[in-house]
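User: I'm new to this structure and would like a close look at a single part, the place where the two domains come together. Could you walk me through that region?

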Amino acid sequence: MSRGLILGIESSCDETAASVVERGSRTLSSVVASQIATHARFGGVVPELASREHLRAIVPVVRAALAEAGVGFDDLDAIAVTSGPGLAGALLVGISYAKALAFARNLPVIAINHLEGHIHAVLLEERQNAPASTQQDEPALALVVSGGHTHLYLAEPAHEAWHYKLIGRTLDDAAGEAYDKVAKLLGLGYPGGPWIDAIARFGDPKAVPFAFAQIKAKAHLHGKAPRTKAAKTAPIADLDPHFLFSFSGIKTAVLRHVELQGMRAGGDERIAKILAGDRPPKTKEEALALAPQPILDMIASFQHAVVGDLMKKTFAAAESLGATRILVTGGVAANRELRERFAAEAPRRHMRVSFPTPALSTDNAAMIAAAAWPRFVSGEFAASALSAEPSLAL
Ligand code: KG4
Ligand code: ZN
């Protein structure tokens with residue numbers, strides 16, 4: 001009898017990942033090869049380098065995932081692969097590998113949207129932790145907040161599959177992109193999220209009143225051309241403006257604040273230290289060795305403002321839709337302050353909030369294999385012409 005084993009493959013950005021998940025609910029292995037060291041000295045992901053690194057990593061990463069799970073190719077029932085959104089060349093490495101393996105082993109391929117994967121990272125862990133008898137999937141408002149996306153969806157179980165309705169999104173940069181840009185501006189390491197997360201603990205979050213404007217009228221949005229990679233993946237015209245985000249201005253606000261205060265963060269010497277593989281600070285002394293107190297305060301204020309804006313719009317959207325369950329997922333969901341504040345606010349509103357563990361918040365392949373399970377059950381397999389869809393919307 002089939003064990004319901006799905007091999008998940010993820011290569012949409014800068015992580016090459018493979019995982020074996022049983023029946024969409026038990027993770028037998030999850031292997032992630034990060035390319036952070038390759039891209040760090042450029043302060044961002046370089047697409048050509050990403051493709052090359054995926055090519056190098058894909059075979060050993062899949063082998064490691066099978067070995068860790070204690071299974072062989074013959075035990076697999078299907079291969080799930082991210083087909084978009086993401087970098088075209090990077091996606092193609094995973095897709096080509098999945099198709100070749102499927103052909104050689106006569107296995108079906110299941111194409112998965114990366115954003116659906118992020119949502120299933122939470123569902124997978126909930127199923128893993130709850131006894132089967134108590135498992136029931138109810139509709140949820142999902143905030144997918146990462147380096148490429150800041151999107152709100154209403155996720156509803158529909159027969160074997162899930163149905164997603166876009167509720168809100170960023171008009172320009174993603175929240176993670178704002179973290180990465182501000183960190184780069186201040187001479188911190190890459191990616192910026194974990195650095196700012198670590199440093200923010202040692203600053204005063206109320207020191208600088210960074211503010212986000214409420215996007216008011218829908219009329220302004222009609223015909224507006226998408227400006228960044230994040231904006232391309234979904235339409236905006238029909239969305240309630242209360243649930244729209246904009247993170248492209250905060251970098252300028254941070255820069256202006258630094259200039260006005262005549263402050264300097266980092267320096268060439270420190271940047272060199274960071275690029276040599278330094279890690280985010282763990283103590284206040286280490287944080288102060290990186291930047292003076294006013295910079296620590298500004299970093300804490302930046303994070304406080306971003307998390308506050310994410311909270312305000314997510315809870316408002318949940319309330320307006322009558323959803324009592326919130327899922328927060330994607331790289332930024334690993335953020336300590338975000339988790340604490342969402343967890344504190346939810347019971348006040350009679351809602352429940354869940355996050356994946358930090359390891360499953362950032363890109364991984366367990367979420368791809370988990371998202372594929374309902375499609376496997378209903379026999380929704382990809383055609384042999386499957387190719388990369390860099391701007392795929394959910
Ligand atoms: O989901 P992910 O691994 O890749 C994308 O699909 O984009 O997310 C990566 C993003 C980066 O922008 C990174 O700075 C951010 O997630 N990130 C964080 C934290 N850890 C990663 N942002 C804030 N706090 C963190 N602890
Ligand atoms: Zn992602």
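Analyst: Here's a walk through the region between the domains, starting with the chain as a whole. Keep in mind that this is a predicted model. The protein chain splits into domain 1 (5-137 + 360-377) and domain 2 (168-358). Where they touch, domain 1 puts in 16 residues and domain 2 puts in 18 residues. On the domain 1 side, α1 (36-40), α4 (114-129) and α12 (358-361) each bring at least two residues. The top contributor there is α4, with six residues. Sorted by class, that side of domain 1 has seven nonpolar, six polar and three charged residues.

Now for the nonpolar core. The largest one has 121 residues, and Ile9, Ile79 and Ala372 are among those with the most contacts inside it. Helix α10 (residues 293-321) gives this core its largest share, 14 residues. Both domains hand residues to the core, so it lies between them. To zoom in on one member, Ile79 touches residues including Leu7, Ile9, Leu101 and Val109, leaving aside anything up to four places away in sequence.

Ligand 1 belongs in this picture too. Its shell draws residues from domain 1 and domain 2 alike, so it lies between them. In total, 19 residues surround ligand 1, and the closest are Gly147, Gly176, Gly193, Gly331 and Asn335. Helices α5 (175-185) and α6 (192-200) each supply at least two residues of that shell, with α6 giving the largest share, four residues. By class, the shell has six nonpolar, ten polar and three charged residues.

Terms used. Residues numbered from 1 in each chain as written. Chains lettered and ligands numbered in written order. Predicted model: local features only at pLDDT ≥ 70, side-chain atom pairs only at ≥ 80, totals over all residues. Domains from an automatic or database assignment. Contact = placed C-beta atoms within 7 Å. Nonpolar A, V, L, I, M, F, W, Y, C, P; charged D, E, K, R; others polar. Core = buried A, V, L, I, M, F, W, Y, C linked by C-beta atoms within 7 Å. Buried ≥ 20, exposed ≤ 12 C-beta atoms within 10 Å, placed from the backbone. Near = placed C-beta within 6 Å.
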